[in-house]
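Here's a quick briefing to read with the model open beside you. Have a look at the strands and how they line up, then work outwards to whatever packs on them.

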Amino acid sequence: MRDVTLMIPQRGGAVPEVWETLAAADINVEAAVSFSREHHRVVHVVVEDAVAQRTHDALTAAGFLVVDEREVLIVPVDDHPGGLAAVARTAYEANAEVYLLSMATGDRAMLGVINLEAAKAAFGL
């Protein structure tokens with residue numbers, strides 16, 4: 001999976017425009033994170049590897065600033081109290097420092113980690 005990260009202006013309508021742009025390009029989003037900073041909003045859009053370049057191109061063509069793209073993991077999460085804790089613990093015990101974590105579609109979590117290969121091995125990916 002690829003995390004395409006962009007910065008968008010803090011203005012009404014900017015957030016839905018991101019998702020509308022991706023929908024118009026027929027791009028399915030596997031996970032997403034959006035949060036405000038001082039004068040802009042950071043948006044992480046996680047997509048299948050096969051559509052990462054198309055995602056980047058569609059967002060850029062729509063006037064959004066893509067600032068990063070990197071591999072992230074989508075891992076299963078048990079849907080009960082402690083499910084996400086188990087995911088975080090597994091990454092920690094694999095010495096894969098988590099820099100980004102969010103829930104994904106279905107019973108899955110998205111992890112951005114420093115030691116990608118260790119995390120892949122820990123989660124059997």
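Strands E5 and E7 (residues 108-113) run antiparallel and are joined by four bridges. One pairing to look for is leucine 73, whose bridge partner in E7 is leucine 111. Keep in mind that this is a predicted model.

**The three-stranded sheet**
- E5 and E7 belong to an open sheet of three strands, ordered E5-E7-E6 and paired antiparallel.
- Strand E5 (73-76) and strand E6 (98-103) sit at the edges, each pairing on one side only.
- Going from one strand to the next, the twist averages 25°.

**Helices on that sheet**
- Helix H3 (residues 83-93) packs on the sheet and touches E5, E6 and E7. Its direction makes about 155° with that of E6.
- Helix H4 (residues 116-123) packs there too, touching E5 and E7. The direction of H4 makes about 20° with that of E5.
- Which residues of H4 are buried? They're Leu116, Ala118, Ala119, Lys120 and Phe123, so a lysine is on the list.
- Those buried H4 residues pack against strand E4 (65-71), E5, H3 and E7.
- Just after H4 comes glycine 124, with a positive phi of about 70°.

**The four-stranded sheet**
- There's also an open sheet of four strands, in the order E2-E3-E1-E4, again with antiparallel pairing.
- Its edge strands are strand E2 (31-36) and E4, and each pairs on one side only.
- In this sheet the twist averages 15° from one strand to the next.
- E2 and strand E3 (residues 40-47) run antiparallel, with six bridges joining them. Alanine 32, for instance, has valine 45 of E3 as its bridge partner.

**Nonpolar cores**
- The largest nonpolar core has 16 residues, and the ones touching the most other members are Leu6, Ile8, Val18, Val45 and Leu59. Val45 is a name you've met already, as the partner of alanine 32.
- Strand E1 (2-9), helix H1 (14-24), E3 and helix H2 (52-61) each give two or more residues to this core.
- What does leucine 59 touch, leaving aside residues up to four places away in sequence? Its contacts are Val4, Leu6, Val18, Thr21, Leu22, Phe64 and Val66.
- Another core, of twelve residues, lies apart from the largest one, and its members include Val77, Val87, Ala109 and Leu111. Leu111 is also where we began, as the bridge partner of leucine 73.

How values were computed. Residues numbered from 1 in each chain as written. Predicted model: local features only at pLDDT ≥ 70, side-chain atom pairs only at ≥ 80, totals over all residues. Heavy atoms only, no water. Pairing = 2+ DSSP bridges. Axes fitted to C-alpha atoms, helices over the stretch in contact; angles between N-to-C directions. Contact = heavy atoms within 4.5 Å. Buried < 20%, exposed > 50% of the residue type's maximum accessible area, 1.4 Å probe, protein only. Core = buried A, V, L, I, M, F, W, Y, C linked by side-chain atoms within 4.5 Å.
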